[in-house]
Number of protein chains: 2
Amino acid sequence: MSTAPDREAWGLMLELLFSHHRPRVWGIAAEFDLAPMQMFALKALEPGRELPMSALAGSLHCDASNVTGIVDRLESRGLIERRSSPEDRRVKMIAVTEEGQRLREQIAARMSEPPPPIAKLALQDQRELRDIMARALRS
Amino acid sequence: MSTAPDREAWGLMLELLFSHHRPRVWGIAAEFDLAPMQMFALKALEPGRELPMSALAGSLHCDASNVTGIVDRLESRGLIERRSSPEDRRVKMIAVTEEGQRLREQIAARMSEPPPPIAKLALQDQRELRDIMARALRS
DNA sequence: CCAAACTGCTTGAGGTTTGCAACTATCGAG
DNA sequence: CTCGATAGTTGCAAACCTCAAGCAGTTTGG
């Protein structure tokens, strides 16, 4: 009757996700007066490494036409900047502003706080979990 | 220089989430011609256990006014049913139909398939991951 | 008993995200 | 230089989100 362990593990991860992560994302985004996708976009833009719209779209797993609106809203708040690339005048490079960087760091700090179920694990379990996840993502 | 292990573990889980889970949810929902929230709502409705709108809203972590629309769309496709409660005529009990049950099972089967990074883990890691997650959620 | 407060659900407005298709500007190859 | 590909934008329709207001039904307190 025992299901495959990977299915069980994944099912439990989904449960954690849905019950804790989803509400948290909305909550944290609301703290900074951002919509979730705007927050993710900001998080995807590392300071000093400008990205073309298309790359940002890929990183957000959504259509390019979508990114236009998200970037519009972030730009109108002065958190990012559109710069036209000197090499190819079709592409717009997106870069975080100083103010965007500050917000970005606050967001990263809040997002990286583990939800209670993870935080309350025994230290040994936390280390094991970290190592397993690292192995999973490395491959 | 080493961050707390729970933060690192959580950071890695977020990465898995964002890069694999998010696109998958949209993909699976699209397979069944549903929007993500409609899929989650269907998943939340166990056969034989009708739920009032308010409970469904709680389970989906969103506003009750929201659920009205989601339930409308599912009902118009014959996947669920609104029944008025005999005890309190204000509340509408939501129940899955036979057809909804069939779809629900297919969705559950697809959702429980672990993404490649988890599926490719060594069996021992999968078991360990399952056990750690179980301990996390039990508390 | 009955008016007032409350509760469960719906409706409406305003904003964000989503994909698709059409469009403009630009680039690159022949 | 012309043709086809590419980067980004715009417009559209649908879904989802919150908040505020409304309506029906229930409960409570004088």
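Colleague: Let's start with DNA strand D. What makes a residue count as surrounding DNA strand D, and which residues are the closest?

Modeller: This is a predicted model, so everything here is computed. A residue counts as near the strand when one of its heavy atoms lies within 4 Å of it. By that rule 23 residues surround DNA strand D, and the closest are Met53(A), Ser54(A), Arg82(A), Arg90(A) and Ser65(B). Of the strand's atoms that come within 4 Å of the protein, 73% belong to sugar and phosphate.

Colleague: Which polar contacts reach DNA strand D?

Modeller: Let me give you three. An N or O atom in the side chain of Arg90(A) is 2.6 Å from a base oxygen of DNA strand D. A polar side-chain atom of Arg90(B) lies 3.0 Å from a base nitrogen of that strand. A backbone N or O atom of Met37(B) is 3.3 Å from a phosphate oxygen of DNA strand D.

Colleague: Why is the one from Met37(B) called a polar contact?

Modeller: The cut-off for a pair of N or O atoms is 3.5 Å. The Met37(B) pair is at 3.3 Å, so it passes.

Colleague: Which element gives the largest share of the surface near DNA strand D?

Modeller: That is H4(B), with four residues. By class, this surface has eight nonpolar, six polar and nine charged residues.

Colleague: And what surrounds DNA strand C?

Modeller: 23 residues do, and the closest are Ser65(A), Met53(B), Ser54(B), Arg82(B) and Arg90(B). Among the atoms of DNA strand C within 4 Å of the protein, 74% are sugar or phosphate, and the rest are in bases. The bases take part too: a base nitrogen of DNA strand C is 2.5 Å from a polar side-chain atom of Ser65(A), and a base oxygen of this strand is 2.6 Å from a side-chain N or O atom of Arg90(B). H4(A) gives the most to the surface near DNA strand C, with four residues.

Colleague: How do you know that chains A and B are related by a two-fold axis?

Modeller: Chain A is superposed on chain B by a rotation of 179° with 0.0 Å of shift along the axis, and the RMSD is 0.1 Å. That is the relation of a two-fold axis. In chain A, Leu129(A) comes closest to this axis, with its C-alpha at 3.3 Å.

Colleague: What makes you say that the copies meet through the same surface?

Modeller: Of the interface residues of chain A, 100% are also interface residues in chain B, so the copies meet through the same surface.

Colleague: Back to H4(B). How do you know that its length agrees with that of a helix?

Modeller: Helix H4 of chain B has 13 residues, 64-76, and at 1.5 Å a residue these should span 18 Å. Its end C-alpha atoms are 19 Å apart, which agrees.

Colleague: Which residues of H4(B) are buried, and what do they pack against?

Modeller: Val67(B), Gly69(B), Ile70(B), Val71(B) and Leu74(B) are buried. The buried residues of the helix pack against helix H2, helix H3, strand S2 and strand S3 of chain B. After H4(B) comes Gly78(B), with a positive phi near 75°.

Colleague: Why is Arg130(B) called buried?

Modeller: Buried means under 20% relative accessible area. Arg130(B) has 18%, so it is buried. This residue is in helix H7 of chain B. Its side chain has a polar contact of 3.1 Å with the side chain of Asp131(B). Leaving out residues up to four places away in sequence, Arg130(B) touches Pro5(A), Glu8(A), Ala9(A) and Leu12(A).

Colleague: Why is Asp33(B) called exposed, while His61(B) is called partly exposed?

Modeller: Exposed means over 50%, and partly exposed lies between 20% and 50%. Asp33(B) has 59% relative accessibility, so it counts as exposed. His61(B) has 41%, so it is partly exposed.

Colleague: Where do Asp33(B) and His61(B) sit, and what is the phi of each?

Modeller: Asp33(B) is in the loop between H1 and H2 of chain B, and its phi is positive, about 60°, although it is not a glycine. His61(B) is in the loop between H3 and H4 of chain B. The phi of His61(B) is near 55°, again positive in a residue other than glycine.

Methods. Residues are numbered from 1 along each chain as its sequence is written. Chains are lettered from A and ligands numbered from 1 in the order in which they are written. This is a predicted model: local features need pLDDT of at least 70, side-chain atom pairs count only at pLDDT 80 or more; totals for chains, interfaces and linings use all residues. Side-chain values use heavy atoms; hydrogens and water are left out. Copies are superposed by least squares on the C-alpha atoms of residues with pLDDT of at least 70 in both. Contact means heavy atoms within 4.5 Å. Helices (H or I, at least four residues) and strands (E, at least two) are DSSP runs, numbered from the N terminus. The expected span of a helix is 1.5 Å times one less than its number of residues. Buried means under 20% relative accessible area, exposed over 50%, partly exposed in between (1.4 Å probe, protein chains only). A polar contact is a pair of N or O atoms within 3.5 Å; within protein, one must be able to donate a hydrogen and the other to accept it, and residues adjacent in sequence count only if both atoms are side-chain atoms. Ala, Val, Leu, Ile, Met, Phe, Trp, Tyr, Cys and Pro count as nonpolar, Asp, Glu, Lys and Arg as charged, and the others, Gly among them, as polar.
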